[in-house]
Amino acid sequence: MPKIVDKDIRRRAIVSAATAVFAARGYHLARMEDVSAAMGVSKGSLYEYFETKEDLFMQVCLALVPWEKLSSPDGAPEAQLRRLIAAIVARYDESQDFFVILSDFWTAAMRGPKGKRAAMLATGAEFYVPPRRALKAVIE
């Protein structure tokens, strides 16, 4: 009987393994082979979830802070803002790779091949949409 795989769990596992690989090797030196070796799976299985290394790196960056889970519309605006800031700071503390990967992202976006810059910058802008939305909701 074939093994049933929860694709969401597998995708998160790949992003988790890739986070460690990108933090250790950097975006330019990391390879899909490194991620597959870290997971103990074939490189081909990674491509079932991510078309390219760039796609995987984008997901790693977007997963660094789960913004949508950090804000809560409950309570007075000051309490909401305090919770949001505390959650963000806690997430930064929990993810020792946050600044390493984010710095690597911006370096790749600004110095990478011209054809890929626009896509990376668009993803970078996407990264900040959820916190802006959360802050705007609190302010309003």
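How accessible is Glu-33: buried, partly exposed or exposed? Select Glu-33 and you will find a partly exposed residue, with a relative accessible area of 33%; here buried means under 20% relative accessible area, exposed over 50%, and partly exposed in between (1.4 Å probe, protein chains only).

Before going on, note that this is a predicted model, in which local features need pLDDT of at least 70, side-chain atom pairs count only at pLDDT 80 or more, and totals for chains, interfaces and linings use all residues. Residues are numbered from 1 along each chain as its sequence is written, and side-chain values use heavy atoms, with hydrogens and water left out.

**The whole chain**

Switch to a cartoon view. The protein has 9 helices and 0 strands, where helices (H or I, at least four residues) and strands (E, at least two) are DSSP runs numbered from the N terminus. The C-alpha atoms fill a box of roughly 50 × 45 × 25 Å along the principal axes. Of the 140 residues, 34% are buried. Contact means heavy atoms within 4.5 Å, and among contacts with a separation of 6 or more, 60% are between residues 24 or more positions apart. Turn on the surface: about 8800 Å² is accessible, 58% of it belonging to carbon and sulfur atoms. Accessible areas come from the Shrake-Rupley method with a 1.4 Å probe; for residues, only the protein chains shown count as cover.

**Salt bridges**

Back to Glu-33, and add Lys-43. Their side chains meet in a salt bridge (3.0 Å, N to O), a term that calls for a side-chain nitrogen of Lys or Arg within 4 Å of a carboxyl oxygen of Asp or Glu. This pair links distant parts of the chain, with Glu-33 in helix α2 and Lys-43 in helix α3 (residues 43–46), 10 residues apart. Lys-43 is partly exposed at 33% relative accessibility.

Next, pick Asp-34 and Arg-25, which form a salt bridge with their closest N and O atoms 3.1 Å apart. Asp-34 is buried at 14% relative accessible area, whereas Arg-25 is partly exposed at 39%.

Now go to Glu-78 and Arg-82 for a salt bridge at 2.9 Å, N to O. The two sit about one helical turn from each other, because they are 4 residues apart in helix α6. Glu-78 and Arg-82 are both exposed. Elsewhere, add Arg-31 to your Arg-25 and Asp-34 selection: salt bridges that share partners join these three into one network. The whole structure has 4 salt bridges.

**Into the core**

Select helix α4 (residues 53–63). Its buried residues are Lys-53, Leu-56, Phe-57, Met-58, Val-60 and Cys-61, and they pack against α1 (7–25), α2 (32–39), α7 and α8 (114–127). What should you colour in the largest nonpolar core? Start with Phe-22, Val-35, Leu-56 and Phe-57, which touch the most other members among its 28 residues. The elements giving two or more residues to this core are α1, α2, α4, α7 and α8. A nonpolar core is a set of buried Ala, Val, Leu, Ile, Met, Phe, Trp, Tyr and Cys residues joined through side-chain atoms within 4.5 Å. In soluble globular proteins, nonpolar side chains tend to be buried together.

Zoom in on Phe-57. Leaving aside neighbours within four places in sequence, Phe-57 is in contact with Phe-22, Tyr-27, Ile-101, Asp-104, Phe-105 and Met-120.

Which of those carries a surprise? Click Asp-104 in helix α7 (residues 98–111). Asp-104 is buried yet has no salt bridge, and Lys-53, the nearest side chain of opposite charge, is 8.2 Å away; Lys and Arg count as positive and Asp and Glu as negative, while His and the chain ends are not counted. With neighbours within four places in sequence left out, Asp-104 is in contact with Phe-22, Gly-26, Tyr-27 and Phe-57.

**Out to the surface**

Show Leu-81, Ile-85, Val-89, Leu-135 and Ile-139 together: they form a nonpolar patch with about 440 Å² of accessible area. Patches are made of residues with over 30% relative accessible area and no salt bridge, with like charges joined within 9 Å and nonpolar side chains (Val, Leu, Ile, Met, Phe, Trp, Tyr) within 5 Å. Helices α6 (77–94) and α9 (129–139) each supply at least two residues of the patch, and α6 gives the most, with 3. Leu-81, in helix α6, is partly exposed at 33% relative accessible area.

Also in helix α6 is Ala-79. Draw a line from its C-alpha to that of Val-138: the two are 59 residues apart in sequence and 9.3 Å apart in space.

Last stop, the loop between α8 and α9, where you will find Tyr-128. Tyr-128 is partly exposed, at 28% relative accessible area, and touches Leu-102 and Trp-106, not counting residues up to four places away in sequence.
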